[in-house]
Amino acid sequence: MSIKKIRQNKVAVVFDFIETAGNELEKRFGYSPTCKDVVRHLAEKGLIEPKRIRNYMIIADFDRMLVGNKGSRTDTWMDLSIKYEISESMAQ
């Protein structure tokens with residue numbers, strides 16, 4: 001793996017994070033944590049903001065709901081706003 005050493009202090013922090021997170025994951029989930037385990041761990045540790053997860057899910061749900069709403073974007077935005085308790089303009 002090649003990471004530029006332009007700013008050594010930042011590279012060192014990244015490697016330290018990888019080592020620390022890896023050790024925490026091994027202690028918690030064993031030697032083969034799944035992707036779901038990693039995301040759960042990072043979210044619980046506060047490294048992934050719940051708002052970012054919600055925003056990702058809104059985007060992922062849009063496509064699924066659009067199919068269910070027979071292509072009606074208006075209905076899809078309304079459904080998203082209800083599901084995530086946000087305004088329709090935020091859903092858009």
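Is Glu-49 buried, partly exposed or exposed, and at what relative accessibility? At 44% relative accessibility, Glu-49 counts as partly exposed, where buried denotes a relative accessible area under 20%, exposed over 50%, and partly exposed the range in between (1.4 Å probe, protein chains only). The structure is a predicted model, in which local features need pLDDT of at least 70 and side-chain atom pairs count only at pLDDT 80 or more, while totals for chains, interfaces and linings use all residues. Residues are numbered from 1 along each chain as its sequence is written, and side-chain values use heavy atoms, with hydrogens and water left out.

A salt bridge was defined as a side-chain nitrogen of Lys or Arg within 4 Å of a carboxyl oxygen of Asp or Glu. A search of the whole structure by this criterion yields five salt bridges. In one of them, the closest N and O atoms of Arg-28 and Glu-44 are 2.6 Å apart. Arg-28 belongs to helix H1 (residues 8–29) and Glu-44 to helix H2 (residues 35–44), so the pair ties together parts that are 16 residues apart in sequence. Helices here are DSSP runs (H or I, at least four residues), numbered from the N terminus. Arg-28 is partly exposed, its relative accessible area being 39%, whereas Glu-44 is exposed at 52%.

Within helix H2, Arg-40 and Asp-37 are three residues apart, about one turn of the helix. Their side chains form a salt bridge with an N to O distance of 3.1 Å. An α-helix has 3.6 residues a turn, so residues three or four places apart point the same way. Arg-40 is partly exposed at 38% relative accessibility, while Asp-37 is buried at 14%. A further salt bridge, at 3.8 Å from N to O, links Glu-49 with Arg-52; the latter residue, Arg-52, is exposed at 58% relative accessibility. In addition, Asp-61, Arg-64 and Lys-83 are joined into one network by salt bridges that share partners.

Helix H3 was examined along its length. At 1.5 Å a residue, its 19 residues should span 27 Å, and the end C-alpha atoms are 26 Å apart, which agrees; the expected span is 1.5 Å times one less than the number of residues. A bend of about 30 degrees occurs in H3 at Phe-62, taken as the angle between axes fitted to the seven residues ending there and the seven starting there. Phe-62 is one of the buried residues of H3, alongside Ile-58, Asp-61, Met-65 and Leu-66. The cover over these buried residues includes H4 and H5, contact being heavy atoms within 4.5 Å.

Positive phi values occur in two loop residues. Lys-70, in the loop between helix H3 (50–68) and helix H4 (73–84), has a positive phi of about 55 degrees although it is not a glycine. Lys-70 is exposed, with a relative accessible area of 79%. Glu-85 lies in the loop between H4 and helix H5 (88–91), and its phi is near 55 degrees, again a positive value in a residue other than glycine. Glu-85 is exposed as well, at 75% relative accessible area.

Finally, Val-14, Phe-15, Phe-17, Ile-18 and Leu-47 make a nonpolar surface patch of about 450 Å². Patches consist of residues with over 30% relative accessible area and no salt bridge, nonpolar side chains (Val, Leu, Ile, Met, Phe, Trp, Tyr) being joined within 5 Å and like charges within 9 Å. Accessible areas come from the Shrake-Rupley method with a 1.4 Å probe. Phe-17, located in helix H1, is partly exposed at 41% relative accessibility.
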